[in-house]
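Me: Please take a close look at a single part of this model, the largest pocket. I would like one connected account that also sets the pocket against the rest of the chain.

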Amino acid sequence: MDRLLEELLNDELECITPKALPARGCQFSLRLTKGDGHAIFEQLGRAGVACDWRYPDVIRIAPVPLYSSFADIHRFVQLLRGLLKGLPP
């Protein structure tokens, strides 16, 4: 997920989760640099993505390996990318 977020959404968001694997769990905290983060969070939920909102401006997701596949991660990044470009989910 790190690579996809960096390659495809680096200008749109800031991943505030530590990069060092030993310093983090499986969750990602994403701060959008453009647009209304809470509106994007709500659209993700309507599209079936389980995530949560951390005030004031962070979307948190947890691609747990036991439950999430590479396809799920790719779908999430593509969905988020589309929402940030104003495309419907």
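Reply: A helix here is a DSSP run of type H or I with at least four residues, a strand is a run of type E with at least two, and both are numbered from the N terminus. The model is a predicted one, and under that assignment the protein has three helices and four strands, which follow one another from the N terminus in the order α-β-β-α-β-β-α.

The largest pocket holds about 210 Å³ of space. Its lining consists of M1, G48, V49, A50, I61, A62, P63, S68, D72, I73, R75 and F76, and when these residues are sorted by class, eight are nonpolar, two are polar and two are charged. Helix α3, which covers residues 70-84, gives the largest share of the lining, with four residues.

F76 is a useful place to begin, since this lining residue sits in helix α3. Its relative accessibility is 5%, and because buried means under 20%, F76 counts as buried. Once neighbours within four places in sequence are set aside, F76 is in contact with M1, L30, L44, V49 and I61; of these partners, M1, V49 and I61 are themselves named in the pocket lining. The contact with L44 links positions 32 residues apart along the chain, whose C-alpha atoms are separated by 8.5 Å.

D72 is another lining residue placed in helix α3, but its surroundings leave more of it open to the probe. Is D72 buried, partly exposed or exposed? With a relative accessible area of 38%, D72 falls between the 20% and 50% limits, and therefore it is classed as partly exposed. D72 and V49 are 23 residues apart in sequence, while their C-alpha atoms lie 9.5 Å apart in space, and V49, like D72, belongs to the lining.

Beyond P63, which is on the lining list, comes V64, in the loop between β4 and α3. V64 has a relative accessibility of 27% and so counts as partly exposed. A long distance can be quoted for V64 as well: its C-alpha atom is separated by 27 Å from that of G35, 29 residues away along the chain.

The other end of β4 is worth a short detour. P56 lies in the loop between β3 (52-54) and β4 (58-61), and the peptide bond that joins Y55 and P56 is cis, with omega at about 10°. Most peptide bonds are trans.

Strand β2, residues 28-32, contains R31, which touches L13, E14, I16, D57 and V58 when residues up to four places away in sequence are not counted. The C-alpha atoms of R31 and L13 are 5.5 Å apart although 18 residues separate the two in sequence. R31 is partly exposed because its relative accessible area of 26% is not under the 20% that buried requires.

E12, by comparison, is found in the loop between α1 (2-9) and β1 (13-15). Its relative accessible area is 17%, which means that this residue counts as buried. Leaving out residues up to four places away in sequence, E12 touches L32, T33, K34 and L84.

For the chain as a whole, contacts between residues at least 6 apart in sequence can be sorted by separation, and 54% of them join residues at least 24 apart. Of the 89 residues, 35% count as buried, and the protein exposes about 5,600 Å², of which carbon and sulfur atoms supply 55%. Along its principal axes, the C-alpha trace spans about 35 × 25 × 25 Å. The radius of gyration is 12 Å, and since a compact globule with 89 residues would have a value near 12 Å, the two agree.

To return to the pocket, its lining brings together the buried F76 and the partly exposed D72, both of them in helix α3, within a set that has eight nonpolar residues.

Notes: Residues numbered from 1 in each chain as written. Predicted model: local features only at pLDDT ≥ 70, side-chain atom pairs only at ≥ 80, totals over all residues. Heavy atoms only, no water. 1 Å grid on protein atoms, 1.4 Å probe; cavity = no way out; pocket = protein on both sides within 12 Å on 5 of 7 lines; lining within 4 Å. Points joined across faces, edges and corners; volume = space filled by probe spheres on them. Nonpolar A, V, L, I, M, F, W, Y, C, P; charged D, E, K, R; others polar. Rg over C-alpha atoms; globule rule 2.2 N^0.38 Å. Buried < 20%, exposed > 50% of the residue type's maximum accessible area, 1.4 Å probe, protein only. Contact = heavy atoms within 4.5 Å. Areas by Shrake-Rupley, 256 points an atom, 1.4 Å probe, with all protein chains shown as cover.
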